[in-house]
Amino acid sequence: MTTTARSAEAEQNSLHLESEFEDTPVPQSHRRSTLSVSAVWFGFPMVLTCAIFGGTIVYGLGFWKGILAIVLGNAVLFGYVGALSYLAGKTGKNFALIAAETFGRHGSKIVTGFLATVVIGWFAFQTGLTGATLNTSLGWNETLIVLIAGVLYIGVTFIGIRALTVIGMIAAPLFVALGVVAIYLVTRDNGWGAVASYEGGATDATVLSIGAAVTIVVASFIDSGTMTADFTRWSKGGKEAVIATFSAFPVANLIAMLTGALIVAAGGALNPATDGGDFLPILVDHGPILTVLAVFFVFVNLGSVCAHCLYNGAVGWSQLVGSKMRVLTLILGAAGLAIALAGVWSHFPTWLNLLGIFVPSIGAVLIVDQLVTRRAATRESVSFRTQPFAAWIIGAACAYAVHHWAPQLSEAVVGMVCAAAAYFLIELIAPTRRGAVDHTRTTETIEVTP
């Protein structure tokens with residue numbers, strides 16, 4: 001083969017969009033390095049939104065209590081997402097395929113549909129936040145920015161896992177650099193002295209408990225964290241998938257939240273009660289170079305989380321409707337963009353409550369089922385299993401009760417523990433009731449066999 005021919009072939013391969021393996025486990029030949037998968041997860045939680053949350057938590061609790069809540073929340077996320085990632089790296093299966101083993105082939109459609117829809121809500125929120133942030137900081141037309149951002153984020157997601165890796169590698173270092181600059185500018189003007197002694201600025205209406213703050217940390221990534229298999233299935237094995245998870249929780253998420261916490265504690269936040277540790281206004285007030293970098297940062301940083309969420313939704317719904325990830329990216333992206341243009345800000349507190357109450361129980365049941373009670377050798381192919389749904393309902397009911405009657409506790413953590421305990425006990429009491437074995441597939445196989 002001539003040099004020209006080889007170059008042409010290499011160029012064709014570089015432009016080729018590789019398979020996203022929506023319906024099958026990722027084969028070992030297509031698995032990626034730990035660094036590559038870590039880049040996907042590392043760049044996901046290191047976003048401006050998490051800085052906002054970190055600042056809000058410190059505003060409500062004070063500096064040291066806020067830091068404690070942030071650390072505890074990240075520890076919970078690492079244990080939860082790490083266990084689910086281990087399953088993904090070990091099997092190469094995405095969330096929908098893993099959920100089918102626990103909830104049944106038909107039962108998993110309920111779980112997958114729910115989570116794949118929830119993450120589109122996050123896509124809509126972050127896309128809208130792009131426009132709102134640049135409107136507040138620079139006075140730009142919010143609707144136009146939302147439209148431009150949405151189209152760009154859909155395009156990145158359409159390319160697939162390779163694009164998520166690249167944008168993660170850009171977004172995370174950029175966040176660190178500009179976050180450090182923002183902290184330097186604030187402390188240069190206000191000093192470090194007040195940071196450690198900051199007692200919070202919350203009134204009775206906005207004060208937090210440590211448990212509620214832990215729920216904020218967990219709820220911020222509980223949906224995509226539950227669907228982590230869509231990302232970590234590309235790992236070479238279970239151990240590598242856990243390492244990739246560690247790069248996100250606690251490392252990346254902790255960096256993002258601590259940045260926002262320091263901004264608020266140092267007195268640099270314009271409106272910490274609602275905007276938390278948003279440090280973009282600090283950057284745009286210090287010259288044109290930082291302003292240009294700040295605008296680029298907003299698109300790359302929020303684009304990273306948007307692309308990840310849309311990827312989760314597209315992979316999940318591709319399983320449900322039997323289509324391709326990229327087709328669903330266009331459809332769901334358009335729907336999310338429409339929601340963003342309509343405005344979702346007033347519903348955001350309700351959104352976080354929904355995530356903290358209903359989502360954690362799902363992953364807890366999967367972890368107990370596939371790592372404790374029913375290991376791979378004992379799991380059967382079934383159409384529907386009632387046991388995991390019963391445990392999910394029990395866990396969500398416990399979380400709901402905590403939310404209303406014991407708000408000092410973490411509803412997310414209580415929901416996880418109750419769902420895990422309920423499922424374990426149900427399986428212990430009725431170990432032989434595995435669900436209805438799905439004979440349909442066997443029948444269909446016999447009918448088409450010559």
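Q: How many cavities of 30 Å³ or more does a search of the whole structure find?
A: Just one turns up. Keep in mind as we go that this is a predicted model.

Q: What makes that space count as a cavity, and how much room is in there?
A: A cavity is a set of points where a 1.4 Å probe fits but cannot get out. The largest cavity holds about 70 Å³ of space, which is set against a search limit of 30 Å³ or more.

Q: Which residues lie nearest the centre of the largest cavity?
A: Trp122, Gln126, Ser220, Phe221 and Val305 do, out of 13 residues in the lining. Helices α3 (48-61), α6 (107-138), α10 (222-226) and α15 (288-321) each give two or more residues to that lining. The largest share, three residues, comes from α3.

Q: What classes of residue make up the lining of the largest cavity?
A: Eight are nonpolar, four are polar and one is charged. Val and Phe count as nonpolar, so Phe221 and Val305 belong in that class.

Q: How do you know how confident the predictor is in the protein?
A: Look at pLDDT, which runs from 0 to 100. The mean for the protein is 86, and 87% of its residues reach 70 or more.

Q: Which element has the lowest mean pLDDT, and which the highest?
A: Helix α21 (residues 440-448) sits at the bottom with 36, and helix α4 (residues 63-91) sits at the top with 97.

Q: Where does pLDDT stay under 50, and how many contacts does the model have there?
A: One such stretch is residues 1-15, with four contacts beyond four places in sequence. Residues 433-450 are also below 50, and that stretch has 24 contacts beyond near neighbours in sequence.

Q: How many helices and strands are there in the protein?
A: You can pick out 21 helices and two strands.

Q: Why is Arg233 called buried or exposed?
A: The cut-off for buried is under 20% relative accessible area. Arg233 has 0%, so Arg233 is buried. You'll find Arg233 in the loop between α11 (229-232) and α12 (238-265). Among the residues Arg233 touches, beyond four places in sequence, are Glu20, Arg31, Ala88, Asn94 and Tyr311.

Q: What makes Ser304 count as buried?
A: Same test: the relative accessibility of Ser304 is 0%, so Ser304 counts as buried. Ser304 is in helix α15, and beyond four places in sequence Ser304 touches Gly43, Phe44, Ile167 and Ala171.

Q: How do you know how far Ser304 and Phe44 are apart in sequence and in space?
A: Compare two numbers: the pair is 260 residues apart in sequence and 6.1 Å apart in space, C-alpha to C-alpha.

Q: Why is Ala340 called buried at a value above 0%?
A: The limit is under 20%. Ala340 has 6%, so Ala340 still lands in the buried group. Ala340 is in helix α16 (residues 325-342). Leaving aside neighbours within four places in sequence, Ala340 is in contact with Ala124, Thr127, Gly128 and Val146. The C-alpha atoms of Ala340 and Gly121 are 8.7 Å apart, although 219 residues separate the two along the chain.

Q: What puts Gly316 in the buried group?
A: With 3% relative accessibility, Gly316 is under the limit and therefore buried. Gly316 is in helix α15, in contact with Thr112 and Ala116 once neighbours within four places in sequence are left aside.

Q: Which residues of helix α2 (residues 34-42) are buried, and what covers them?
A: The buried ones are Ser36, Val37, Ser38, Ala39, Val40 and Trp41. Their cover includes α4, α8 (161-190), α10, α11, α12 and α15.

Q: How much of the protein counts as buried?
A: Of the 450 residues, 55% do. The protein exposes about 18,300 Å², and carbon and sulfur atoms supply 69% of that.

Q: What kind of peptide bond joins Phe249 and Pro250?
A: A cis one, with omega at about 20°. Pro250 lies in helix α12.

Q: What share of the contacts with a separation of 6 or more comes from residues 24 or more positions apart?
A: That share is 86%.

Conventions
Residues numbered from 1 in each chain as written. Predicted model: local features only at pLDDT ≥ 70, side-chain atom pairs only at ≥ 80, totals over all residues. Heavy atoms only, no water. Helix = DSSP H or I, 4+ residues; strand = E, 2+ residues; numbered from the N terminus. Contact = heavy atoms within 4.5 Å. Buried < 20%, exposed > 50% of the residue type's maximum accessible area, 1.4 Å probe, protein only. Areas by Shrake-Rupley, 256 points an atom, 1.4 Å probe, with all protein chains shown as cover. 1 Å grid on protein atoms, 1.4 Å probe; cavity = no way out; pocket = protein on both sides within 12 Å on 5 of 7 lines; lining within 4 Å. Points joined across faces, edges and corners; volume = space filled by probe spheres on them.
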